[in-house]
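Open the model in your viewer and keep the selection tool at hand, as this tour goes from one selection to the next and says what can be found at each stop.

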Amino acid sequence: SAPVQEPRLQPPFYLAAIGRRASRAARMGRFGVPAAHNKILVMTLINVSNLFCHSLFSILPAFFPQEAKSKGMSDDAVGIVFACFPAVIFLTSPFAGPFMSRHGKKWVYTTGLVVVAISTICFSVASYMPAGSPFATWCLLIRLTQGLGSAMEETAAYALIADMDTDNVSFFMGLTEISTGLGYMVGPPLGGMLFAAGGFATPFVVLGLALLPAAALIYYRLPPDDRRRSSDDAGGVSMKALLRNPQISLIALASMLANSDYAFLEPTLADHAKARGHASSEASIGLLFSISSVTYTLACPLIGILANRQRCGPRPIIVSGLLLQLLGFLLIGPSPLLALPSGLGLPQLCAALVLFGVGESMSMTPVMDDMMASC
């Protein structure tokens, strides 16, 4: 007679459910979407909003210094309007971390984008302000608000990228800096053209309104993240511990110096180029600013790949980038140390802007990777 087969025992229904859930979780990324699509989705959304944000931040140099002086502002006051924006980012960025722990990175990121968009639209009201103190005060307040929004969105963006792939931070940072460079590349000439077409208010209204749909897209399409730290992360590295780390302090100083080139150029390049006869309109000034942005955009992906290689590493690339920026500062003056016989010609000016773009891409793209390795 045929042997009797014993019936196969089925696992309890809850064990089967757990197995199916674990199998599904293995195919999912950190944010609860398929891992293969997670990185593409996050990077696409971040780069779209990054492009709009940095276009907004870079429209001022093409026309604001001239318009501000016609409203009775001095060179020092114009410089303060430009300088207060990064100053607010410097002071408020450390507070974005606790907000992300409490509300989540997505909430902080989206809120920062909305603050930037609304404050930019409000900048257009400055054209209706009386000349003198009212105009200067309004511009200063709006730039402070823009800096607050920028601190929120940039800090949250870096955190989202670092969470996405901790082993390839420099590579993904390099991809993100493409949109940063494109924003700085498009912003000045676009701001100059919009100013020429519709006056002072037009660039702020157009670009501010363009950022709001990007913020809505981020809010509805970006996958949710964990809103609070887990118990394992509760004892993370504190701000005091980071500041006591000499390597972190050193790389933070390098990052500050790396960003100084554009901060110096914003209030001064337009007048400098006009005085030398190299630019005569807002559109031509915008094109000069685009030179460094184009080279920055093209260099960032390559720098991100090089920084990921053990043979190069982030630290030598950062130092080399700072040296290139130093040479750019010597050339754009030009410095008496160079003893240029004909002064600053257009080729030398363009070469200095190229050095700024390549140097900043080298000194900024590997910063996050270096900091994470130093912690």
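## The whole chain

Among contacts in the protein between residues at least 6 apart in sequence, 81% join residues at least 24 apart, where contact means heavy atoms within 4.5 Å. This is a predicted model, in which local features need pLDDT of at least 70 and side-chain atom pairs count only at pLDDT 80 or more, while totals for chains, interfaces and linings use all residues. Residues are numbered from 1 along each chain as its sequence is written, and side-chain values use heavy atoms, with hydrogens and water left out.

Display the secondary structure, and you should find 15 helices and zero strands; helices (H or I, at least four residues) and strands (E, at least two) are DSSP runs, numbered from the N terminus. Of the 375 residues in the protein, 44% are buried, a word that stands for under 20% relative accessible area, with exposed for over 50% and partly exposed for what lies in between (1.4 Å probe, protein chains only).

## Colour by confidence

Now colour the chain by pLDDT, the predictor's confidence in each residue, from 0 to 100. The mean for the protein is 77, and 81% of its residues reach 70 or more. Select helix H1 (residues 13-26), where confidence is lowest with a mean of 42, and then helix H5 (residues 105-123), where it is highest, at 90. Over residues 4-36 the pLDDT is below 50, and this stretch has 18 contacts in the model beyond near neighbours in sequence. A further stretch to select is residues 227-235, where pLDDT stays under 50 and the model has nine contacts beyond four places in sequence. Where pLDDT is low, the predicted coordinates should not be read in detail.

## Helices H5 and H6

Keep H5 selected and add helix H6 (residues 133-164): their axes come within 8 Å and cross at roughly 155 degrees. Axes here are lines fitted to C-alpha atoms, for helices over the stretch in contact, and angles run from 0 to 180 degrees between N-to-C directions. H5 and H6 are therefore roughly antiparallel to each other, given that angles under 35 degrees count as roughly parallel, over 145 as roughly antiparallel, 65 to 115 as roughly perpendicular and the rest as oblique. H5 passes H6 in a left-handed crossing; a crossing is left-handed if the near helix is turned anticlockwise from the far one by less than a right angle, and right-handed if clockwise. By class, the contact of H5 with H6 has 15 nonpolar, eight polar and four charged residues, where Ala, Val, Leu, Ile, Met, Phe, Trp, Tyr, Cys and Pro count as nonpolar, Asp, Glu, Lys and Arg as charged, and the others, Gly among them, as polar.

## Helix H11 and its partners

Next, select helix H11 (residues 260-275) together with helix H13 (residues 314-332), whose axes come within 12 Å and cross at roughly 15 degrees. That angle makes H11 roughly parallel to H13, and the crossing of the two is left-handed. Show the side chains of Ser 260, Asp 261, Phe 264, Leu 265, Leu 269 and His 272 in H11, which meet Gln 325, Phe 329 and Ile 332 in H13. Sorted by class, this contact of H11 with H13 has five nonpolar, three polar and one charged residues.

Leave H11 on screen and add helix H14 (residues 346-364), which packs with H11 at an angle of about 145 degrees, with their axes 11 Å apart. On the H11 side the contact is made by Asp 261, Leu 265 and Leu 269, and on the H14 side by Leu 349, Leu 353, Phe 356 and Glu 360.

## Single residues to visit

Which residues does Phe 63 contact, leaving aside its neighbours within four places in sequence? They are Gly 191, Phe 195, Phe 200, Pro 203, Phe 204 and Glu 282. Phe 63 sits in the loop between helix H2 (35-57) and helix H3 (64-70), and Phe 63 is buried, with a relative accessible area of 0%.

Move on to Ser 255 in helix H10 (residues 246-258), which is buried, with a relative accessible area of 15%. Leaving aside its neighbours within four places in sequence, Ser 255 is in contact with Met 364 and Val 367.

As a last stop, select Arg 315 in helix H13, which is partly exposed, with a relative accessible area of 29%. The C-alpha atoms of Arg 315 and Pro 366 are separated by 7.7 Å, although these residues are 51 apart along the chain.
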